[in-house]
There are 2 protein chains.
Amino acid sequence: MTLTLDSAREVGADYAAVAALLQIGAEIGVDQVLDSGRTFSVADLAEVTGLSQKRLGEFVLALSSAGLLAAEDGDGLYRASDDYADWRHQVGYLSWSLTANSPFLQNARAFLSEDESAAETYQRDGRRVAVSSRWIGDRTFYPAVVERVVAAGAKHVVDLGAGAAGLLIGLLAQDEGRTGVALDLSSGACAAAREDAVRAGVDGRLRVVERSVESLIEDPSPLEGADVIQACFVMHDVLQDEAAFDDVLRTCHKALAPGGILAVVDAVSYGQEARERKFSALFTYLHSNFMGINLPTEDQWVEKFRSAGFSDVEASSQVMPGGRLFLATK
Amino acid sequence: MTLTLDSAREVGADYAAVAALLQIGAEIGVDQVLDSGRTFSVADLAEVTGLSQKRLGEFVLALSSAGLLAAEDGDGLYRASDDYADWRHQVGYLSWSLTANSPFLQNARAFLSEDESAAETYQRDGRRVAVSSRWIGDRTFYPAVVERVVAAGAKHVVDLGAGAAGLLIGLLAQDEGRTGVALDLSSGACAAAREDAVRAGVDGRLRVVERSVESLIEDPSPLEGADVIQACFVMHDVLQDEAAFDDVLRTCHKALAPGGILAVVDAVSYGQEARERKFSALFTYLHSNFMGINLPTEDQWVEKFRSAGFSDVEASSQVMPGGRLFLATK
């Protein structure tokens, strides 16, 4: 696989335009309607967003002209184009790198000047980080994790740093006999998880726990009965206190049933596969120089799982660029 | 030519990462060194930016790991990779769409709420607009304009809205017998043009005039003796006052020698060629809904040149997506 540039196609222009249009959609709140894939009118968008039909009509014109909406038969009805979800996934990387991280990029000089106050002054918007992460994740690590959880026949799944619990809700929707616990430190994320669970009709089988991952060391009760404990892009935060991280891993190991799996998706330092080296370079650099987080290499991650007592540890790079799915079996 | 997504390649991740890394480079001021193509050390970057070698060393590691720098033989020397300029061009679209326009995108709700103060409150950074426009332009409309100016055998070229006069300085550097006038409203742009002209050794043949395009109606003296008058992405601003625009065109027509050419590169409303429709949709939409600028269609542009007295008007779409090169001959 070669990654040569095809400049005649001006591919950058397409990606940039779709990213900007979808970002505007997310900012004004029409993304839920577009994402649902259902048919809608401009009036429907006005109801969801509270904006005028005139302004929304112009946005619909722009999306249609860009090929991101298809007009349905009938009177002024639209739905997302067939390739909309593919585009949303691809531009998730742009949305994360350039929009969610814009406080870092646009104040790079302050961060690199050893200005201690920069990290406090220029903070990212949590919602933009979450939205762009979901756009990236829904086609990369979500399917990889789902496949393993299903293959393991897991009946009770605990998600650490679950965010709005999109991955877990999907797993519960797939199997009526499956239950789950979504743990997250953010009250906003927990509220979103509760709402989304109701919408998906799985709220009877999902418990949402507003707590830090580290708090499990003192009180591991949310882990009770888990066949699978999953944690996507949260462990590199926990790892900044190595002793706490080791304790969290040991707590997970103890809580799992024999044969139970700890599934961790996380990033490695400067991944060097051809398909990942650019994004992994950005991801590693932003974490180390703008967020104070040093990522381990793949081998360092594996060693940590082994040290915590997991007998079998697999690493797969078939997730997102720079990411690995670690499967640690008790 | 098909524009299908190749999601297996995660192309979006590559574009996003390069865009973010190059944006950081531009923010901290190492872009000039990278753009020059010359060999450099981390110490050289420290001298240019005033940042620490430790921090710059980490940035160099990130760029190298992303394949954007090549290590030279010898002690810690680097230069931009062979495909660096291609990447910079492609990510220019991302830098313009998502970084330069971030005040629009991130406050989309305020703009679309008919909040009259939004445009004043959330203004773009002129330098970010200029840098990203140059990254886009250097591979798209610059070569198209240069080709026509050279073919016309132009000896004296006037550039309206010249910015830092990169295009004009290039034209003067190509032919020692060529002279030019760079006209721009921005004192910052004019100062940059003067500095760059000195650096390129063409300052003896370039006059920089700090004035608006509209001011030519009252005083057309900067146009005197022009074989070619060129204007890249400035006329759509002038056009917002149609009467003034018509007067500017007539003034240009009058000032040109017989057979002289007015070369205008500008954007059309919702271009529908497959390769341009996405970026043109964004460009058109941002201008109409965030900047109060309504773009003409290609036919409407052509008609305006004809009305001003130009006998022969050609339009070419072989510039940037959504752009046209109009060649109006006296």
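This report describes how two protein chains, A and B, meet in a predicted model, and then turns to some local features of chain B.

**The interface between the chains**

In this predicted model, 71 residues of chain B are in contact with 71 residues of chain A. The size of an interface is often given as the accessible area lost when the parts come together. For chain B and chain A that buried area is about 6,600 Å², and carbon and sulfur atoms give 59% of it. Between the two chains there are 28 residue pairs in polar contact, counting pairs in which both residues are at pLDDT 80 or more, whereas the rule finds zero salt bridges across this interface.

Several helices of chain B give two or more residues to the side that touches chain A, namely α1, α4, α5, α6, α7 and α15. The table lists the residue range of each.

| Element of chain B | Residues |
|---|---|
| α1(B) | 11–28 |
| α4(B) | 53–65 |
| α5(B) | 84–100 |
| α6(B) | 102–105 |
| α7(B) | 108–112 |
| α15(B) | 277–290 |

Of these elements, α1(B) gives the most to the side of chain B that touches chain A, with 15 residues. Sorted by class, that side of chain B has 35 nonpolar residues, 21 polar residues and 15 charged residues.

**How the two copies are related**

Chain B can be laid on chain A with an RMSD of 0.1 Å, by a turn of 180° together with a shift of 0.0 Å along the axis. Because of this turn and shift, the relation is that of a two-fold axis. Within chain B, the C-alpha nearest the axis belongs to B:L98, and it is 3.2 Å from the axis. The same surface serves both copies, since 100% of the contact residues of chain B recur in chain A.

**Local features of chain B**

Side chains of opposite charge can pair when their charged atoms come close. Over all chains the structure holds 38 salt bridges, and one of them is formed by the side chains of B:R88 and B:D35, at 3.0 Å from N to O. This pair links distant parts of the chain, with B:R88 in helix α5 of chain B and B:D35 in helix α2 (residues 31–36) of chain B, 53 residues apart.

Chain B also has a hairpin, in which strand β1 (residues 69–72) and strand β2 (residues 77–80) run antiparallel and are joined by four bridges. The bridge partner of B:E72 in β2(B) is B:L77. Four residues lie between the strands of this hairpin, where B:G74 takes a positive phi near 110°.

Elsewhere, B:D175 lies in the loop between α11 (166–174) and β4 (179–184) of chain B. Leaving aside its neighbours within four places in sequence, B:D175 is in contact with B:K155 and B:R205. The C-alpha atoms of B:D175 and B:K330, which are 155 residues apart along the chain, are separated by 24 Å.

Key
Residues are numbered from 1 along each chain as its sequence is written. Chains are lettered from A and ligands numbered from 1 in the order in which they are written. This is a predicted model: local features need pLDDT of at least 70, side-chain atom pairs count only at pLDDT 80 or more; totals for chains, interfaces and linings use all residues. Side-chain values use heavy atoms; hydrogens and water are left out. Contact means heavy atoms within 4.5 Å. Buried area is the accessible area (1.4 Å probe) that two parts lose on being put together, summed over both. A salt bridge is a side-chain nitrogen of Lys or Arg within 4 Å of a carboxyl oxygen of Asp or Glu. A polar contact is a pair of N or O atoms within 3.5 Å; within protein, one must be able to donate a hydrogen and the other to accept it, and residues adjacent in sequence count only if both atoms are side-chain atoms. Ala, Val, Leu, Ile, Met, Phe, Trp, Tyr, Cys and Pro count as nonpolar, Asp, Glu, Lys and Arg as charged, and the others, Gly among them, as polar. Two strands pair if DSSP finds at least two bridges between them. Copies are superposed by least squares on the C-alpha atoms of residues with pLDDT of at least 70 in both.
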